[in-house]
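Here is a friendly walk through a protein fold, set out by topic. Keep the viewer open and follow along as you read.

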Amino acid sequence: MSPLAQSDALATQDLLSRAHRAHCICHRNPDGDAIGSLLGIGFLLESAHPHLTVSYHCKDPVPETFHFLPGAFRVQGPPPVPRVDADERTHAEDVYIIVDCAESKLTEMDETHPQLFDGTFPIVCIDHHPMNPGFGTVNIILPDAASTCEIIVQLADALQWTMDSDIATCLLTGVYTDTGGLLHSNTTAQVYRTVARLLREGARRQEIVTAVFRTAKLSTLQLWGRVLEKIVITEEGGAISAVTEGDFRATGAAYSELTGAIDYVNAVPGMRFSLILSEKEGKVKGSLRTLRDDVDVSQMAGRLSGGGHKKAAGFAVAGKLKPEVRWKVIEAEEDQRDAVPKENGA
Ligand SMILES: [Mn+2]
């Protein structure tokens with residue numbers, strides 16, 4: 001994998017040593033890598049740069065699954081809108097560390113906090129999404145890394161920051177969730193080295209496994225049941241399912257509980273890709289996966305203004321889902337059936 005450039009590590013160090021406050025930010029609708037890297041980098045900064053006041057921000061609350069992480073309760077909403085002074089030196093007092101965000105708008109703070117992204121304040125952007133344009137002052141973007149947490153481990157090593165078991169637990173959470181429990185194809189030798197490294201630092205692996213992979217609310221299981229029941233196979237080799245707002249209402253599941261269901265849809269053998277369509281606040285969101293090397297789902301998502309990785313991508317379009325029932329006349333051979341209804345899910 002592309003190694004972290006020492007010059008980027010040193011540039012980060014330089015920004016941090018001049019700053020008074022470090023505001024750590026992750027993307028909206030946070031997953032395990034977002035929360036793990038948010039807390040992990042913040043704790044590392046607190047221990048390596050005790051002069052810094054560190055704060056933790058996300059547009060959306062920490063999902064219940066990750067409440068077991070140390071410091072999860074410290075994550076707040078967006079930071080105060082920073083004051084832009086005539087004295088530019090004071091801008092160096094606030095540094096923004098943005099993790100796991102492929103683009104600035106994924107913070108959902110680009111409109112409320114435009115001065116964060118116009119170059120007024122220093123930003124360290126740490127990410128593994130290949131589409132990341134590098135919107136930071138310092139950009140540590142390693143597309144070969146399976147998770148942002150993996151990059152943070154490298155940064156910690158480059159700058160000789162010390163870890164403890166809390167930090168290692170946060171970082172291992174992101175490594176685990178972004179590789180689907182070390183099962184996805186992005187689970188490289190480097191991922192296993194990172195896992196070994198974090199376990200040596202005392203990462204509480206069993207806590208992560210229990211909370212993330214062995215706990216599911218009844219509403220989640222019922223929602224997944226609907227997803228699985230509605231899978232249809234399309235002519236172009238897709239396993240497709242759909243969940244409407246009605247499904248969420250009927251099961252009592254929150255939108256975030258859909259996370260993970262796609263891996264089951266993706267398990268149908270012989271498919272080119274899998275897709276779950278879901279309704280959310282006037283939009284139809286699509287989550288795409290493939291197990292094949294010759295299919296690039298980020299390109300498919302791109303056609304609908306979405307994006308992501310080759311094997312996992314997503315999109316959102318305004319609208320809602322409409323179920324479609326197709327009727328087909330089949331000529332009777334033995335008995336006198338004249339029409340067989342064939343339901344074709346959304
Ligand atoms: Mn990630």
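Two strands pair if DSSP finds at least two bridges between them. Strands β9 (residues 273–280) and β10 (residues 283–289) pair in the antiparallel sense, with 7 bridges between them. Please keep in mind that this is a predicted model. The protein has 10 helices and 14 strands, and its domain assignment gives domain 1 (6–213) and domain 2 (218–324).

**Overall build**

- The radius of gyration of the protein is 22 Å, close to the 20 Å that the globule rule gives for 346 residues, so the protein is as compact as a globular protein of that length.
- Along its principal axes, the C-alpha trace spans about 85 × 45 × 35 Å.
- Of the 346 residues, 41% count as buried.
- If you look at contacts between residues at least 6 apart in sequence, 65% of them join residues at least 24 apart.

**The two domains**

- The domain assignment places residues 6–213 in domain 1 and residues 218–324 in domain 2.
- Domain 1 gives 6 residues to the contact and domain 2 gives 4 residues.
- On the side of domain 1 that touches domain 2, you will find 3 nonpolar residues, 3 polar residues and no charged residues.
- Between the C-alpha centres of the two domains, the separation is 27 Å.

**The parallel sheet**

- An open sheet of 6 strands follows the order β3-β2-β1-β4-β5-β6, and its pairing is parallel.
- At the edges stand β3 (75–76) and β6 (138–141); each has a single partner strand, so one side of each is left without a neighbour in the sheet.
- Strands β1 and β4 run parallel and are joined by 6 bridges.
- Between β4 (residues 94–99) and β5 (residues 123–127) there are 4 bridges, again in the parallel sense.
- Why is β4 described as largely enclosed by the rest of the structure? The reason is that 5 of its 6 residues are buried, where a residue counts as buried if 20 or more other C-beta atoms lie within 10 Å of its own.
- Ile97 of β4 is a handy residue to click on: it is the bridge partner of Cys24, and Ile97 also stands opposite Val124 in β5.
- Further along, Val99 stands opposite Ile126 in β5.

**Helices across the parallel sheet**

- Helix α2 (residues 32–48) lies across β1 (21–26), β2 (53–57), β3, β4 and β5, and runs at about 165° to β1.
- Helix α3 lies across β4, β5 and β6, and runs at about 120° to β5.
- Asp157 lies in helix α3, which covers residues 148–158.
- With 13 other C-beta atoms within 10 Å, Asp157 is partly exposed.
- Asp157 and Asp294 are 137 residues apart along the chain, and their C-alpha atoms are separated by 35 Å.

**The mixed sheet**

- The order β7-β8-β9-β10-β12-β11 describes an open sheet of 6 strands with mixed pairing.
- Strands β7 (232–233) and β11 stand at the edges, each with a single partner strand, so one side of each has no neighbour in the sheet.
- In the β9 and β10 pair, Glu279 stands opposite Val284 in β10.

**A look at Gly307**

- Gly307 is found in strand β11 (residues 307–308).
- Is Gly307 buried or partly exposed? Gly307 has 18 other C-beta atoms within 10 Å and is partly exposed.
- Which residues does Gly307 contact, leaving aside its neighbours within four places in sequence? They are Ala102, Met131, Ser298, Ala301, Gly302 and Ala313.
- From C-alpha to C-alpha, Gly307 and His129 are 9.6 Å apart in space, although 178 residues apart in sequence.

**A look at Arg205**

- Arg205 lies in helix α6 (residues 205–213).
- Arg205 has 16 C-beta neighbours inside 10 Å and counts as partly exposed.
- Leaving aside neighbours within four places in sequence, Arg205 is in contact with Leu172 and Leu199.
- The C-alpha atoms of Arg205 and Ala168 are separated by 9.4 Å, and the two residues are 37 residues apart along the chain.

Technical notes: Residues are numbered from 1 along each chain as its sequence is written. This is a predicted model: local features need pLDDT of at least 70, side-chain atom pairs count only at pLDDT 80 or more; totals for chains, interfaces and linings use all residues. Domain bounds come from an automatic or database domain assignment. Two residues are in contact if their C-beta atoms, placed from the backbone, lie within 7 Å. Ala, Val, Leu, Ile, Met, Phe, Trp, Tyr, Cys and Pro count as nonpolar, Asp, Glu, Lys and Arg as charged, and the others, Gly among them, as polar. Helices (H or I, at least four residues) and strands (E, at least two) are DSSP runs, numbered from the N terminus. A residue is buried if 20 or more other C-beta atoms lie within 10 Å of its own, exposed if 12 or fewer, and partly exposed in between; C-beta atoms are placed from the backbone. Axes are lines fitted to C-alpha atoms, for helices over the stretch in contact, and angles run from 0 to 180 degrees between N-to-C directions. The radius of gyration is taken over C-alpha atoms; the globule rule is 2.2 Å times the number of residues to the power 0.38.
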